[in-house]
Amino acid sequence: MISQFLTEKRYQQQLNSSEKNILDKVLNHQRINDEEALFLYESKNLPFLAQLANYIRRQKHGLNTYFNRNFHIEPTNICIYDCKFCSYSRAIKKKDEGWEYNENEMLEMVKSYDNQPVTEVHIVGGVLPQYDLLFYENLFRNIKKHRPELHIKALTPVEFHYIFKKAKVSYKEGLQILKNAGLDSIPGGGAEIFHPEIRNQIAKDKANSENWLELHRTAHELGIRSNATILYGHIEKYWHRVDHLRQLRELQDETRGFQTFIPLKFRNKDNEMSYLPEVSIIEDLKNYAVSRIYLDNFDHIKAYWAMIGRETTQIALDYGVDDIDGTIDDTTKIYSMAGSEEQSPKMTTQEIVDLIHSVGYKAVERDTLYNVIQDFSNENSLVS
Ligand code: V47
Ligand code: SF4
C-alpha cells in the first residue's frame, strides 16, 4: 500500500525538510501553496513526485482509469489569429492545406457515426467570421435533432469571445443561446499560459486570461461543466505554470465547475516556435504530478494520449493521471500537424482497454460528465 509506504519512518528519513512538510500536507489532505509547487517543479526527486501524485490519484479513484468513445469535428484550420505555437495558423499561409467545412458537411460527419456507440462529439477549430453565433446555434440544434443523446463538447473562450462580441451579446446571453441549442459542455482549450508576460508573446490578439476565466465562470454559473488546460514546455518558466494553476484552483474554489485538467505538451513541428526543442518525458511526468498534487479541487487529471503517445500515457498513470481521453477515430489534426507521435490518432475500445490493463490499472468507460458507462475491470478485456 502506497499510504503505508509513505508513512514509514525509513522512507521519511530519506526526505529533506521541505519534502517532509509537503508529504505531511498531502497525507493530511491539506493543500500545498505556490512556493511548495515551485519547489516540486524544481525538484529532481521524480520518485517522490510520483509517490505523492499516485497516492492522491488512488485516494480519489483507486485504479480506475477513465476513457470515452468520442470523435472530433474541426470546422476549419484557418484562423484570424496567429498564435506562435499553432500549426493551424501556419496552414493559412499554405492555403492548399486549409479546409472550411459547412454545416451539411459537419452533419454528415455526425451521421457517419450513426451505428457506433460514441457518446461525445468534440468541436473546436480556428476562428473565422462565417462561423458565428447563428452558425453554431443551427449546427448544435441540428446535431441534437439527429442524435439527441450525443454530448456536444464544443468551442473555447477564444471562439466564444469572438462570436459573442460580433453578435453583440454578453457571455451569459451567448452561452444561454448555445446551451438552448444543444451545447452540453466546454473543452479546456485556449488557456495556453495565463500570465501576460508569456501570453503576449505567444497568443497576443485572442481572448486574454481574464476573458478565458470569465467565460468559464459564466458557463459554470449556467450549469455548463468545462475542462481546463495548460500549454507547457516552451518559453514559460516554472513560476508561470504555478501562476496558471493558482488561477484555475481559485476559480474552481468559487464554482466547482471544472471537471478535468489537461496539461498539453508544446509540439514544435511546422509552427513559428519550431526553433524551440520539445521538453523531455521526465518534464511531462513532473508536470502531471505537480498538477495532481496542487489542484486538490480538480477531480480528474487527463493525459491526452493523441498528443503524448501511448507509452508515455501508460507511464503517466503512475504520476497522477486517471483519464486518457477517447477513441478519437483519427478525427483531429491539430496535434499530428504539430508533430505528435500519433499521426492518425485512433484506438478501438479494445486497444484502449488493453493499454490501461497492461500496466495494472482498471479501464472504465465514462461519458463526458464522468457517469460510468461500462466498467471493464472484471471482464478480462471483453469489449462490447
Ligand atoms: O488551445 C495548439 C493546443 C489546444 C499546439 O477539453 C498545441 O477534453 C501543443 O484544448 N503543441 C486545443 N498543443 C486542444 C484542447 C483539448 C484537447 C483534448 C481534449 C480537450 C478536452 C481539450 O491545443 C489549444 C492549444 O493550447 N495546441 N497547438 C502545439 N503545437
Ligand atoms: Fe487560431 Fe486557436 Fe491556432 Fe490560435 S491556437 S491560431 S486561436 S486555431
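**A helix pair and a ligand shell**

Helix 3 and helix 5 run roughly parallel to each other, because their angle of about 10° falls under the 35 degrees that count as roughly parallel. This picture comes from a predicted model. Helix 3 covers residues 17-27 and helix 5 covers residues 46-61, and their axes sit 11 Å apart. On the helix 3 side, the residues that meet the partner are Glu19, Ile22, Leu23, Val26 and Leu27. Helix 5 answers with Phe48, Leu52, Tyr55 and Ile56. Sorted by type, the residues of this contact come out as 8 nonpolar, 1 charged and no polar.

Now for ligand 1. It has 24 residues around it, and the closest are Lys153, Gly188, Gly190, Glu192 and Lys302. The shell is a mix: 11 of its residues are nonpolar, 7 are polar and 6 are charged. Strand 6 (225-232), strand 7 (258-265) and helix 17 (334-338) each chip in with at least two shell residues.

Some polar contacts can be picked out too. The side chain of lysine 153 has an N or O atom 2.6 Å from an oxygen atom of ligand 1. For lysine 302, a polar side-chain atom is 2.8 Å from a ligand 1 oxygen atom. With glycine 189, the backbone does the job: one of its N or O atoms lies 3.1 Å from an oxygen atom of the ligand. As for how covered the ligand is, ligand 1 on its own exposes 620 Å², and the protein buries 95% of that.

How values were computed
Residues numbered from 1 in each chain as written. Chains lettered and ligands numbered in written order. Predicted model: local features only at pLDDT ≥ 70, side-chain atom pairs only at ≥ 80, totals over all residues. Heavy atoms only, no water. Axes fitted to C-alpha atoms, helices over the stretch in contact; angles between N-to-C directions. Helix = DSSP H or I, 4+ residues; strand = E, 2+ residues; numbered from the N terminus. Parallel < 35°, antiparallel > 145°, perpendicular 65-115°, else oblique. Contact = heavy atoms within 4.5 Å. Nonpolar A, V, L, I, M, F, W, Y, C, P; charged D, E, K, R; others polar. Near = heavy atom within 4 Å. Polar contact = N/O pair within 3.5 Å; in protein donor to acceptor, adjacent residues only side chain to side chain. Areas by Shrake-Rupley, 256 points an atom, 1.4 Å probe, with all protein chains shown as cover.
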